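Let's work through some exercises on how strands and helices fit together. Take a look at the structure first, then try each task before you read its solution.

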Amino acid sequence: MKFGPIAIDEAEGAVLAHATTAGERRFRKAHRLNGEDVAALKAAGISEVVVAVLAPDDLGEDAAAEKIALSMSHRNVETKPAATGRVNLHAEAAGVFTVDAKMIDAINAIDPAITIATLAQHAPVEAGQMVATVKIIPFAVAASLVDAVARICAGGEIFAVNAYRPVNVGVIQTTLPGLKRSVLDKTLRVTEARLARSGGRLKAERRTPHDVTLVAEAASALARDNDMVVIFGASALADFADVIPAAIEKAGGKVIRAGMPVDPGNLLVLGTLDGKRVIGAPGCARSPKENGFDWVLDRLVAGLDVTASDIAGMGVGGLLMEIPSRPQPREPLPSRSAKAEPRVDIVLLAAGRSSRMGGPNKLLALFDGKPLVRRTAERALGSKAANAIVVTGHQRERVRSALSGLDITLAHNPDFADGLASSLKAGIARVALDAAGAIIVLGDMPGISSKDLDSLIDAFRRSGGRAVVRAAHHGKRGNPVLLPRSLFAAVAQLEGDTGARHLVEAEGLDVIDVEIGQGASIDVDTREALEGAGGVLQD
């Protein structure tokens, strides 16, 4: 592949390196120019363009990314369609992610043009979460390099989501004088919640004095009827022959490991009894905050083995947090303010004429007795967004009246009849200067909730405030869409009835699709659609 400026007369068949405008036409980045395109560019006075010229044995960025992704062997992972040289792979189930690091490293060492990034080994994942991404850096790559990747992938499973299995767990809590019943009750609630996230169930509990023989008897009884036993000691582990490890051995079991290089979680005990796993939980497991107990529990529930050497290898990355409640912290906590998360505003578009309704304004239709535009605005205000900007136009005063009393920013678009672009520009112009991005929310989507908006914001913040985030339903892109500030200048150049979709494609930014369900694809453009969604039109 050759890259650089060439004369427009030689550009047919080449791939544009940058989005280019020729009169009323806009050619997106990575567009392959044909004869008609070249003529249009010449007519607009463009004599030179920066392009990539593919060699006969080159594969385009999308084709290369797709071929690599399809050559991979994996479990419980869905491959998304290629776009802008990227293929994203998402978890099909909740579980624990495992990856062959040697295979990933070997692929990334072939050529800088080909990259694969994944989550960390043993990362817990939710269904629908992205676990890996294949990205081709230039516009094309030699087919021989892609073939080299495919040969590595043929060596076995490259990564997997090990799905959680529903397990029944028996819990033992030991007691000593002075241990409050409320502590035991809270521990039970926290443990139930911990298990619920992976489909597990706390089936039985026994409370017994902190005594080796009594704990051994309780463990034997619970191991018969449960898949796993968890023991919470009234006193922290003080020695490798202390009550919990001693009780496991007295019951006929085996202690695999006592102590782990994860903090919080140092005092965990792991053993087996009658073929079942027994975990002596560290004291920090009484709290819902992440600790070493979570690392072991998640892997076991996902069907993964945990050995003594596995626990010994958890030290790198095992310093999870300092615990300020300790009487004597090992080191003073730094007195600095937490880093602020990227600010996101919402731009709610409510300026349209509802032309397909044949008269009534769909945004004033009642849903559960409330105007649609007000309900949508309230959901925007209920999200993590810092501010909600509502763009008005058609029937301005009626829409404003429907929004009366809400803590929103109103932005009137006098040019609303010119099309969607004018409303986008009016809304983006009112976004706070310190905002890293803005969610574009259509006023006629009754299925969008505050939780859906928060999911987009969370994904945007995880990206560092740089990616485009789109709502999706069954893998198909929908609305709303969250635009990073880097696109605001391009939005200001839009004209006519044009939205931001082509900007996303043209600018080549990372795009994250967040599955939010059916709400991403339901709008109420027609009377039938509105009534089917539960709305009642008002004259």
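**Exercise 1. Which residue is the bridge partner of E78 in β9?**

Solution. The bridge partner of E78 in β9 is H90. Before going on, note that this is a predicted model, where local features need pLDDT of at least 70, side-chain atom pairs count only at pLDDT 80 or more, and totals for chains, interfaces and linings use all residues. Residues are numbered from 1 along each chain as its sequence is written, and side-chain values use heavy atoms, leaving out hydrogens and water.

Next, find the elements: strands (E, at least two residues) and helices (H or I, at least four) are DSSP runs, numbered from the N terminus. β8 pairs with β9 (residues 86-91) in the antiparallel sense, over three bridges; two strands pair if DSSP finds at least two bridges between them.

**Exercise 2. Find the order of the strands in the open sheet of four strands, and its edges.**

Solution. Step one: the order is β8-β9-β13-β11, and the pairing is antiparallel. Step two: β8 (77-79) and β11 (114-118) each have a single partner strand, so one side of each is left without a neighbour in the sheet. Step three: direction ignored, neighbouring strands of this sheet are turned by 15 degrees against each other on average.

**Exercise 3. In what order do the six strands of the other open sheet lie?**

Solution. Begin with the order, β17-β16-β18-β21-β20-β19, with mixed pairing. The edges are β17 (201-209) and β19 (254-258), each with a single partner strand, so one side of each has no neighbour in the sheet. At one edge, four bridges join β19 to the antiparallel β20 (residues 269-273). There, R257 has L270 of β20 as its bridge partner.

**Exercise 4. Describe how helix α6 meets helix α7.**

Solution. First, the axes of α6 (residues 212-225) and α7 (residues 243-250) come within 8 Å and cross at roughly 55 degrees. Axes are lines fitted to C-alpha atoms, for helices over the stretch in contact, and angles run from 0 to 180 degrees between N-to-C directions. That makes α6 oblique to α7: angles under 35 degrees count as roughly parallel, over 145 as roughly antiparallel, 65 to 115 as roughly perpendicular and the rest as oblique.

Finally, list the contact (heavy atoms within 4.5 Å): V212, T213, V215 and A216 of α6 meet V243, A246, A247 and K250 of α7.
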